Amino acid sequence: MNIQYEEPTLSSSYSVVGSFPKSFGYDLEDQDLDPEDSSPSTSQPRILLMGLRRSGKSSIQKVVFHKMSPNETLFLESTNKIYKDDISSSSFVNFQIWDFPGQVDFFDPTFDSEMIFKGTGALIFVIDAQDDYMEALGRLHLTVSRAYKVNPDINFEVFIHKVDGLSDDHKIETQRDIHQRANDDLADASLEKLHLSFYLTSIYDHSIFEAFSKVVQKLIPQLPTLENLLNIFISHSGIEKAFLFDVVSKIYIATDSSPVDMQSYELCCDMIDVVIDVSCIYGLLEDGGGCAYDNESSAIIKLNNTTVLYLKEVTKFLALVCILREESFERKGLIDYNFHCFRKAIHEVFEVGSLFEGTIWRPAGSSSSKQASLKSTQTLIHSPGGGGGSAERRSVSHFGFLHHSLSASVRGKFTEDLPAWEQRQRAEGPVRSAAEVDTMSDFNCRNCNESLYGCKYIKKEEEPHCIRCYDRLYANTCHKCKEIIGHDEKELMHQDRFFHDHCFRCFSCNRSLANESFTLQGDALVCSDCYCSRFSSKCAACNQTVMPGSRMLEYEGSTWHEDCFLCHGCEKPIGAKPFVPENDNFYCVPCYERKVAPRCSHCRKALTKGGVTYKDDVWHKECFLCSSCRAPLAGQSFTSQGDRPCCIKCFGNLYAKKCAGCNTPITGFGDGKYISFKDRQWHQPCFKCSRCSVSLVGSGFFPDRDQILCTDCNNDD
Ligand SMILES: Nc1nc2c(ncn2[C@@H]2O[C@H](COP(=O)(O)OP(=O)(O)OP(=O)(O)O)[C@@H](O)[C@H]2O)c(=O)[nH]1
């Protein structure tokens, strides 16, 4: 195959290196992404985008990192070379994305797996959910197993993409199916340790940004520190939710530890768009110079539901976007002061981060500035009033955050524990000048009264506690292992029970459930896969698992997917409508009436329920009438005259013989037996002696013209 080198046409920041497959572009001499940078750009962490042709790889990259509108991706040409995109020039995160052509051939001798996978942080495999995904699953397995062999530390991420075309039920079913098949393939290859994470994505909504955020976050070693900082910041400032955004890509680098709901995330994304758009109109210089986002950037949007959105610049590429209630925003001085502390802390964290090799963070400055920054932290610790000037000041924590008066109600437990602080302690030892000791002399644990200066501490209802006392007095006990969940351990809560992160596992397969969906079976936690294979039923039509929580139908002990329960007549799903079972088939009522139901012998209309059967014919109840008087016969005694049904009354009047004793009809209904002699008949009670009225049933009698006589009366004559 001979593919020519081409200049990229889509974006000036997009680099094409080499051609596929002759040279994959992995050679170091091709790495000319940053001519200023003497270090080879391969040292940057790398995210690979792989998947079948047209699965949407380039679109994802273009939409997330190059602001391309989703509709424009319709015109993207197929990728036939590896595109290496260094996004660090426009973004805070410092990595390359390699977009692979769909037809990559692992068996080609020029494909250097070692080279590609060695420096890879994450491998994103894109599966087109609107297409038949069996081939993609095969390719996924091949790709991840090869990559895992070279570098087991890669994060394997599967984007089940283009889900905008699927219904909600279909999305869940597709995810479950792909999840199950992919993991089965890995289990068959004894690769159970290889963990795949799955995301439902689309470029037409925020899901792709959310998914990319999570992928990037996993590559950030300082994430727990950032999360802690955000926790402290929001709890001290009365803020409900805060996101640290990479402004250009709108992926969030970190957020506080409360759960992320899509709506809040979308709101904050939209706010960034608004800020950039407005400052492009009003914020640029007359000659068009300047920048739409700079260190002056800050914005407040008040929503009409008493919610406020607050954006502040953190670094050239980072913005903090907060959601808070209007009443909390009245203390804006306090929030701004705390933000100031937060920003300083962030700068310090990045500097520490830059000391680590291969960090995904952009270094904040040279190492000589580290000393200055650490000093400023000390200043903050011991001069909490600086810049804040607020009457609400109540106490100071390590980074000088002021407490919001609502903090107790805002958030419970958080640990004011920052690696940067630890770093300083390790590097310099506990510095305790006289002035410092004075300032901090009454800063003791409220329980054991030991000084907290230079130590980690945790606030409980505004009162600082040393770690030991805090764990002893307030830490929760893990429901599984019955051990205390220490302040520095991740704690998960489910139905008022607390668990260690590592104890929250599936009862059946022992997989961690921290980021998985699960259900409870009695007291046991079960992951959805095990639940499906053990407890859920199979659809009687397609024999596939009926997912718990999905829409289904049950009838006489069998289960169907809602879409599989079809009318045998029109072959459409019957859904919640009434149906009629007939010879192992089911019919919706219209089809049953049209095609299967018997017809009434009287009106010829379909008979769907009840009715009367008489001499192999069926009638609606209301159609089954006396052939003489038209009175309804359903539920009544009746007889027939010829083939026609007849009520007792008409039969007696019109057709029955008369009793020779009482002259009323002998119908056979309720009359008991009757006696017949020659051409005369009697009801049994009427068969008696015409003179002395003695019953003649069972005894001899003597007819005497119209009369019948007993032996005695006959002898009297
Ligand atoms: N409906 C929908 N279409 C999408 C989505 N993402 C991408 N597409 C479309 O999918 C088609 C293929 O997208 P590309 O980004 O070129 O796919 P690719 O994986 O880079 O393809 P190759 O370069 O051939 O490997 C384009 O027409 C996109 O508009 C999505 O989320 N939803």
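**Helix α1, the ligand shell and the nonpolar cores**

In this predicted model, the elements that cover the buried residues of helix α1 include the strands β2 (46–51), β3 (83–86), β4 (96–99), β5 (120–128) and β9 (251–255), together with helix α5 (207–217). The buried residues of α1 are Lys57, Ser58, Ser59, Ile60, Gln61, Lys62, Val63, Val64 and Phe65. Because 9 of the 10 residues of α1 are buried, this helix is largely enclosed by the rest of the structure. Helix α1 is followed by lysine 67, a residue whose phi is positive, near 60°.

Helix α1 also takes part in the surroundings of the ligand, since the largest share of the shell, 3 residues, comes from this helix, which spans residues 57–66. Of the 22 residues around the ligand, those that come nearest are Gly56, Ser58, Ser59, Thr79 and Gly102. When the shell is divided by class, 12 of its residues are polar, 5 are nonpolar and 5 are charged.

Strand β9, which is among the elements covering α1, contains tyrosine 252. Tyrosine 252 has 24 other C-beta atoms within 10 Å, and it is therefore buried, the cut-off for a buried residue being 20 or more. When residues up to four places away in sequence are not counted, tyrosine 252 touches Ser213, Phe243, Leu244 and Phe245. Tyrosine 252 and leucine 320 lie 68 residues apart along the chain, and their C-alpha atoms are separated by 9.5 Å.

Two of the residues touched by tyrosine 252, Leu244 and Phe245, are also listed, with Leu123, Ile124, Ile127 and Val321, as having the most contacts inside the largest nonpolar core, which has 96 residues. The largest share of this core, 9 residues, is supplied by helix α9 (residues 332–355). Isoleucine 124, again without counting residues up to four places away in sequence, touches Ile47, Leu48, Leu49, Glu157, Phe159 and Val215. A second core, separate from the largest one, consists of 23 residues, including Cys588, Ala597, Phe624 and Phe638.

Elsewhere along the chain, strand β13 (residues 457–460) pairs with strand β14 (residues 463–466) in the antiparallel sense, over 4 bridges. Within this pair, tyrosine 457 stands opposite cysteine 466 of β14. The hairpin formed by β13 and β14 has 2 residues between the strands, and in this hairpin glutamate 461 takes a positive phi near 45°.

Notes:
Residues are numbered from 1 along each chain as its sequence is written. This is a predicted model: local features need pLDDT of at least 70, side-chain atom pairs count only at pLDDT 80 or more; totals for chains, interfaces and linings use all residues. Two strands pair if DSSP finds at least two bridges between them. A nonpolar core is a set of buried Ala, Val, Leu, Ile, Met, Phe, Trp, Tyr and Cys residues joined through C-beta atoms within 7 Å. A residue is buried if 20 or more other C-beta atoms lie within 10 Å of its own, exposed if 12 or fewer, and partly exposed in between; C-beta atoms are placed from the backbone. Two residues are in contact if their C-beta atoms, placed from the backbone, lie within 7 Å. A residue is near a molecule or strand if its C-beta atom, placed from the backbone, lies within 6 Å of it. Ala, Val, Leu, Ile, Met, Phe, Trp, Tyr, Cys and Pro count as nonpolar, Asp, Glu, Lys and Arg as charged, and the others, Gly among them, as polar.
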